[in-house]
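Colleague: I should like to go through this chain with you, from its core outwards. Please show the sequence and the structure before we begin.

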Amino acid sequence: MNNTAYTIDIAAARSLALNAAGIGAAEFKHARLSGGLWEMEFRTNEMHYDCYIDAVDGEIRGIDFYPVAVETYPEYAKDLWLRRRKAA
């Protein structure tokens, strides 16, 4: 039986993840506590992030990020719609 006390709750993990990514806000897609790590998946309009946070001490164990496909940008979709409407 594992008696480890996890001191980092989901709200604290989200805050730590945003800070590690250097951003103020994001849409969180997934948050899971597994093996003593918070696995946080979140995105902004331009970037997708995966962050791993120690649930005991809050240390960032890893962060990965990559660009979101430009076709999913809100402004791209709006501009595309406007261009197609003008062409019709």
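**Core, sheet and salt bridges**

Modeller: Leaving aside residues up to four places away in sequence, Ala-13 touches Ile-8, Trp-38, Met-40 and Ile-53, a contact being heavy atoms within 4.5 Å. The model is predicted, with local features needing pLDDT of at least 70 and side-chain atom pairs pLDDT 80 or more, while totals for chains, interfaces and linings use all residues. Residues are numbered from 1 along each chain as its sequence is written, and side-chain values use heavy atoms, without hydrogens and water.

Colleague: Which elements give two or more residues to the largest nonpolar core?

Modeller: A nonpolar core is a set of buried Ala, Val, Leu, Ile, Met, Phe, Trp, Tyr and Cys residues joined through side-chain atoms within 4.5 Å; buried means under 20% relative accessible area, exposed over 50%, and partly exposed in between, with a 1.4 Å probe and protein chains only. The largest such core has 13 residues, and Ala-13, Ala-17, Trp-38, Met-40, Phe-42, Cys-51 and Ile-53 have the most contacts inside it. The elements giving two or more residues to this core are α1, β2 and β3.

Colleague: In what order do the elements of the chain run from the N terminus?

Modeller: Helices (H or I, at least four residues) and strands (E, at least two) are DSSP runs numbered from the N terminus. The chain has two helices and four strands. From the N terminus on, their order is α-β-β-β-β-α.

Colleague: Which strands stand at the edges of the sheet?

Modeller: The open sheet of four strands has the order β1-β2-β3-β4 with antiparallel pairing, where two strands pair if DSSP finds at least two bridges between them. Each edge strand has a single partner, so one side of each is left without a neighbour in the sheet. The edge strands are β1 (27-34) and β4 (60-67).

Colleague: At what angle does helix α1 run to β2?

Modeller: Axes are lines fitted to C-alpha atoms, for helices over the stretch in contact, and angles run from 0 to 180 degrees between N-to-C directions. Helix α1 (residues 10-21) lies across β1, β2, β3 and β4. Its angle to β2 is about 60°.

Colleague: Which residue of β4 stands opposite Cys-51?

Modeller: Seven bridges join β3 to β4, which run antiparallel. These two strands form a hairpin with five residues between them, and Gly-58 in the turn has a positive phi of about 80°. Opposite Cys-51 in β4 stands Ile-63.

Colleague: Is His-48 buried or exposed?

Modeller: His-48 has its place in strand β3. Not counting residues up to four places away in sequence, His-48 touches Glu-41, Phe-42, Arg-43, Asp-64, Phe-65, Tyr-66 and Val-68. With a relative accessible area of 10%, His-48 is buried.

Colleague: Which residues do salt bridges that share partners join into one network?

Modeller: A salt bridge is a side-chain nitrogen of Lys or Arg within 4 Å of a carboxyl oxygen of Asp or Glu. Arg-61 forms one with Asp-54, the closest N and O atoms being 2.8 Å apart, and another with Asp-57 at 3.9 Å, N to O. Asp-54 is buried at 11% relative accessible area, whereas Asp-57 is partly exposed at 47%. The network comprises Asp-54, Asp-57, Glu-59 and Arg-61.
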